[in-house]
Amino acid sequence: MPQQDANARRRNIETITPLAPLQEGILFHTLLSDDKSIYMPQMAYFLAGPVDAERLRLAWKEVLARHSALRSGIHWEERDEPFQVVYRQLPLTWEALDWSEGDSETQLRAQFAENRAHPFDLRRPPLLRLQLAHLVADRHVLILCFHHIILDGWSTARMLQDVMAFYHGHGDKLPPSPPYAAYIRWMKRQDQDKGREFWKRQIDGTPGPSLAFGQDSDRPVFERGEWSFPDPLADSVTTFCAERGVTLSTLLHAVLGLFIAEHLGRSDVFFGSATAGRPASLEGATDIVGLFLNALPVRIKLDPNETLIQWLNRLQVQQAATTEHEYIALRDIQGNLGTLFDCLLVVENYPVTVGPTQSDITLERVEFDEWTHFPLTILVAPAQAGMKLILRRDKTVIDDGMLQQFLERFKAILEQTINAPDTLVGTCVGELTVLPPATQEPKAVGPIRDTSTETEATVAEIWADVLRSSRPKASDNFFAIGGHSLLAAKVVTRIRKRFDIGLPVRVMFDKPVLADLALHIDALRVTSEPQPGDAMVEF
């Protein structure tokens, strides 16, 4: 890079901050996966009314300048911890499409696929792109495609409101938007030890991970489906929650927990839940655009002699207690137990509008497209009437028959819970087994052996530096001596540079023992061509 370009880039840097917990998790799974389109949500807003395309583009340009998170790039190799660089100015990625001929639904699916085929480079922001498709007359589809590492669902709703304020000429009346760095600073002030201790108590005594569908596959094939609640069931759910003082989120968490407990035949299980993560103690948290979400374990413990409504109330109290500790990274919670769950529940609860009621543009509906690394992600979203489940599954793990069985049982458990809440839990699911607690002690990896080859010695040196520990043995397991996912990615980066080879991050999980990894490196050195280095940020 010419020196003048490097200087201009440095001058364009506004700030540099660490990553939030879920940002770290998303970064790791993005690096680990062969499919770089995971965690790349797309939202299609169907707009009715006389849209001025150029005015809308300029409004989005203003929003890009307004919110720092939208101008962030992610880096992970230049420092001990990953970080994000916020730039002062970036160009808006905008494309106009003509869908005046053909079927708009087919064209939308094709555009979703086209966007997924061109994933973002996390180091080269902006990590969002916009497309405005003209249909017929006063009908348009606005597609927002972004990387989840910079935004959550609440933020997209906040952005859309700001866009329409600028579009209607009211942008100068918007109050200043707090930068995403305010949340990072808030998070760093929290008592991390206290948070980890809280989650340790939550996890203690577990019989182990709850993999209802099996681990995520090496080459997933994702598919999206929907299941709308029948109107009578949706009405009954709303009435039940209002009369019993139970939130919709608690009810759906309970139903999913009962299904997994029955499916695994255990009275103590986990699944994942996406939390809003916007702390009440952070001023302006609801107005900040960025990623506040976290994916945290929900532990379901069933007492067969407790009624459903008693258990629901206890679960609601349990979930409320976790809100003060949502900032803890999932890797710190899981510890040596590894992956605790393979199913994620997301309950959407943010408003989506296109501005003031007097606007001549109305939002008819919203379509979602998003993949995560979990074999099954269940998103509960409001529909035009009632509610629906959006199911995103890996077909290599969950076939059509398994999905149908899940839907049928989910519906049956939901109906039973709201129609007979005084029923004993033990009569709602099949026979459950109480398993002994899982040990969190590292498993033995065989005889202890010191490093004996040059490659082993070099790998040991890299591990010691990354882990900030004493020199490991050849028989040591990286994850048993303090390693975790992001540190594994850092080790791989250093191995690539030291040995000038191509090494995927997944190898650290396939071959976590130092001696085995060293043998694999030696084999690659014989067969591999030198690999180009990864792009670096220059300051």
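This is a short walk through one structure, starting with a sheet and ending with the cysteines.

Okay, hi everyone. One thing up front: what you're looking at is a predicted model.

Let's begin with the sheet. It's an open one, five strands, and if you read across it the order goes 5-6-7-2-12, with mixed pairing. At the edges you'll find strand 5, residues 94-98, and strand 12, residues 362-369. Each of those has a single partner strand, so one side of each has no neighbour in the sheet. Going from one strand to the next, the twist averages 20 degrees. And as a reminder, strands of a sheet pair through backbone hydrogen bonds, and that can be parallel or antiparallel.

Zoom in on the strand 5 edge. Strand 5 and strand 6, which covers residues 128-134, run parallel and are joined by five bridges. If you want a spot to click on, Trp94 sits opposite Leu130 of strand 6.

Now, what lies across this sheet? Helix 4, residues 104-116, lies across strands 2, 5, 6, 7 and 12. Against strand 2, helix 4 runs at about 145 degrees.

There's also a pairing between strand 3, residues 72-75, and strand 4, residues 83-87: that one is antiparallel, over four bridges. His75 has Phe83 of strand 4 as its bridge partner. Along strand 3, Ser72 and Ile74 point one way, Gly73 and His75 point the other way, and all of them are buried.

Next up, helix 5, residues 153-167. From first C-alpha to last, helix 5 reaches 21 Å, close to the 21 Å expected for its 15 residues. So is helix 5 enclosed or open to the outside? Twelve of its 15 residues are buried, so helix 5 is largely enclosed by the rest of the structure. The buried ones include Gly153, Arg158, Met159, Asp162 and Tyr167. What do they pack against? That would be strand 2, helix 3 (residues 53-66), strand 6 and strand 7. After the helix comes Gly169, with a positive phi near 85 degrees.

Hang on to Met159, because it takes us to the cores. The largest nonpolar core has 103 residues, and Met159 is among those with the most contacts inside it, along with Leu56, Trp60, Tyr180, Tyr183 and Ile495. Helix 14, residues 485-499, gives the most to this core: seven residues. Apart from it there's another core, of 50 residues, including Ala234, Val298, Val380 and Phe410. Back to Met159: setting aside neighbours within four places in sequence, Met159 is in contact with Trp60, Val63, Leu70, Leu128, Leu144, Leu151 and Val289.

Val298 from that other core comes up again with Gln319. Gln319 is in helix 10, residues 308-322. Leaving out residues up to four places away in sequence, Gln319 touches His253 and Val298. Is Gln319 buried or exposed? With a relative accessible area of 18%, Gln319 is buried, because the cut-off is under 20%.

Last stop, the cysteines. How many disulfides do we count? Zero. A disulfide is a covalent bond between the sulfur atoms of two cysteines. Take Cys428, which is in no disulfide: the nearest cysteine sulfur belongs to Cys241 and is 16 Å away. Cys428 counts as buried, at 7% relative accessibility. Cys145 is buried as well, at 0%.

That's my tour, so over to you for questions.

Notes: Residues are numbered from 1 along each chain as its sequence is written. This is a predicted model: local features need pLDDT of at least 70, side-chain atom pairs count only at pLDDT 80 or more; totals for chains, interfaces and linings use all residues. Side-chain values use heavy atoms; hydrogens and water are left out. Two strands pair if DSSP finds at least two bridges between them. Helices (H or I, at least four residues) and strands (E, at least two) are DSSP runs, numbered from the N terminus. Axes are lines fitted to C-alpha atoms, for helices over the stretch in contact, and angles run from 0 to 180 degrees between N-to-C directions. Contact means heavy atoms within 4.5 Å. Buried means under 20% relative accessible area, exposed over 50%, partly exposed in between (1.4 Å probe, protein chains only). A nonpolar core is a set of buried Ala, Val, Leu, Ile, Met, Phe, Trp, Tyr and Cys residues joined through side-chain atoms within 4.5 Å. A disulfide is a pair of cysteine sulfur atoms within 2.5 Å. The expected span of a helix is 1.5 Å times one less than its number of residues.
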